[in-house]
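Student: I am new to this structure. Could you take me through it, and let me ask how you know each thing?

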Amino acid sequence: MDPVSIIGIATTAFKGLKQLVESGRELQDCMSQLSQWAGAIADLDKADELNKKRKGNLFRSVLPKSGKSIEQEAMEIYAAKVTAREQRSELMQFLGATQGERGQREFIETEKKIRKMRQEAIYAEIDRIEKLKELGIAAVVVVLAVATVGGAIALMVAMKGVNGG
């Protein structure tokens with residue numbers, strides 16, 4: 001999940017949502033854009049969570065994802081989160097001005113539902129894939145360690161045989 005792409009999706013959806021709200025449309029009429037925006041924001045939060053997990057993981061630190069260091073990815077996520085916060089704040093102001101407190105509450109509830117649905121479906125699969133990657137890397141390291149120790153033992157046995165042991 002690339003934070004630059006995620007915020008691009010969120011920004012496009014936000015602009016469409018903003019236009020609909022400015023034209024006085026009810027929140028129910030804006031569900032497609034709202035869903036797309038809220039989904040992208042949830043993806044951004046998940047990218048941040050995964051980046052934090054990677055930072056503490058030796059294998060992921062040594063082998064950075066998509067050629068970016070953890071720090072580079074963290075800066076991209078931070079910049080995207082700032083943009084997302086600004087969009088959310090602006091959206092809440094628009095909703096408050098055009099739909100009142102009811103519209104703001106409705107928006108917050110809808111956003112929670114979208115986040116929960118994504119978490120249950122998509123993010124569970126992402127977490128499973130991340131765990132499988134970590135297990136795969138750990139297995140490779142164990143195999144290499146066993147092969148190295150086995151090779152060292154074989155070499156010592158061979159050297160002992162040559163020296164007339």
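**Helix and salt bridges**

Tutor: In α1, buried residues include Pro3, Ile6, Ile7, Ala10, Phe14 and Leu20. Buried means under 20% relative accessible area, exposed over 50%, partly exposed in between (1.4 Å probe, protein chains only). This is a predicted model: local features need pLDDT of at least 70, side-chain atom pairs count only at pLDDT 80 or more, and totals for chains, interfaces and linings use all residues. Residues are numbered from 1 along each chain as its sequence is written, and side-chain values use heavy atoms, with hydrogens and water left out.

Student: How do you know that the span of helix α1 agrees with its 20 residues?

Tutor: Helices are DSSP runs of H or I, at least four residues, numbered from the N terminus. The expected span is 1.5 Å times one less than the number of residues. For residues 3–22 that gives 28 Å, and the end C-alpha atoms are 27 Å apart, so the two agree.

Student: What makes Lys81 and Asp48 a salt bridge?

Tutor: The term needs a side-chain nitrogen of Lys or Arg within 4 Å of a carboxyl oxygen of Asp or Glu. The closest N and O atoms of Lys81 and Asp48 are 2.9 Å apart, so the pair qualifies. Lys81 lies in helix α4 and Asp48 in helix α2, 33 residues apart.

Student: Why is Asp48 called buried?

Tutor: Its relative accessible area is 12%, so Asp48 is buried.

Student: Why does Lys81 count as partly exposed?

Tutor: Lys81 has 24% relative accessibility, so it falls in between the two cut-offs.

Notes: Helices (H or I, at least four residues) and strands (E, at least two) are DSSP runs, numbered from the N terminus.
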